[in-house]
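Here are a few friendly notes to read alongside the model. Take your time with each point and keep the 3D view open as you go.

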Amino acid sequence: MVTSARLNEDNYEDALYADSNRVVALDVLNQVSLWVSPTFTRISDLAAANLGGPVNDIIVADSSQLSIWRKS
């Protein structure tokens, strides 16, 4: 799964991708890793949405739970 979203405050879209058990967020403009998730059982869906704040939150669904990750 691959998507893009504004995940940091540089006003450019960043890459967000998932393999079967982790999510990686990459700052495309500066070519650095922003975040690597803890290991999930099996990722079934991935999204980014602004749930209130300056940047988008990362939403991950795996086989047993829904997780929301917010930049602090």
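Which residues form a nonpolar patch on the surface? Keep in mind as you look that this is a predicted model.

1. The surface patch. The residues to find are Val2, Tyr17 and Leu26, which together offer about 270 Å² of accessible area. Start with Val2, which you can locate in strand E1, residues 2-5. Val2 has a relative accessible area of 72% and counts as exposed, because the cut-off for that word is over 50%.

2. The core. Now turn to the inside. The largest nonpolar core has 11 residues: Ala5, Leu7, Leu16, Ala18, Val23, Ala25, Phe40, Ile43, Leu46, Ile58 and Val60. Four strands each give two or more residues to this core: E2 (14-18), E3 (23-27), E5 (43-49) and E6 (57-62).

3. One core residue and its contacts. Try selecting Leu7, a member of the largest nonpolar core. Leaving aside residues up to four places away in sequence, Leu7 touches Asp14, Ala15, Leu16, Ala25, Leu34, Val55, Asn56, Ile58 and Lys71. Leu16, Ala25 and Ile58, which are among these contacts, also belong to the core.

4. The aromatic pair. How many aromatic pairs does a search of the whole structure find? The search gives one. The partners are Trp35 and Trp69, with 5.2 Å from centre to centre and 45° between the planes, so the pair is classed as tilted rather than stacked (under 30 degrees) or edge-to-face (over 60). Trp35 sits in strand E4 (residues 32-36) and Trp69 in strand E7 (residues 66-69), so the pair ties together parts that are 34 residues apart in sequence. Are these two rings buried, exposed or in between? Trp35 is partly exposed at 22% relative accessible area, and Trp69 is partly exposed at 30%.

5. Two backbone angles to check. Most residues other than glycine have a negative phi. With that in mind, look at Asn11, which is not a glycine and yet has a positive phi of about 65°. Asn11 belongs to the loop between E1 and E2, and it is exposed, with 61% relative accessible area.

6. The second of these angles. Gln31 is not a glycine either, and its phi is positive too, at about 55°. You will find Gln31 in the loop between E3 and E4. Its relative accessibility is 72%, so Gln31 counts as exposed.

Technical notes. Residues are numbered from 1 along each chain as its sequence is written. This is a predicted model: local features need pLDDT of at least 70, side-chain atom pairs count only at pLDDT 80 or more; totals for chains, interfaces and linings use all residues. Side-chain values use heavy atoms; hydrogens and water are left out. Patches are made of residues with over 30% relative accessible area and no salt bridge: like charges are joined within 9 Å, nonpolar side chains (Val, Leu, Ile, Met, Phe, Trp, Tyr) within 5 Å. Accessible areas come from the Shrake-Rupley method with a 1.4 Å probe; for residues, only the protein chains shown count as cover. A salt bridge is a side-chain nitrogen of Lys or Arg within 4 Å of a carboxyl oxygen of Asp or Glu. Buried means under 20% relative accessible area, exposed over 50%, partly exposed in between (1.4 Å probe, protein chains only). A nonpolar core is a set of buried Ala, Val, Leu, Ile, Met, Phe, Trp, Tyr and Cys residues joined through side-chain atoms within 4.5 Å. Contact means heavy atoms within 4.5 Å. Rings of Phe, Tyr and Trp (its six-membered ring) pair if their centres lie within 6.5 Å; planes under 30 degrees apart count as stacked, over 60 as edge-to-face and the rest as tilted.
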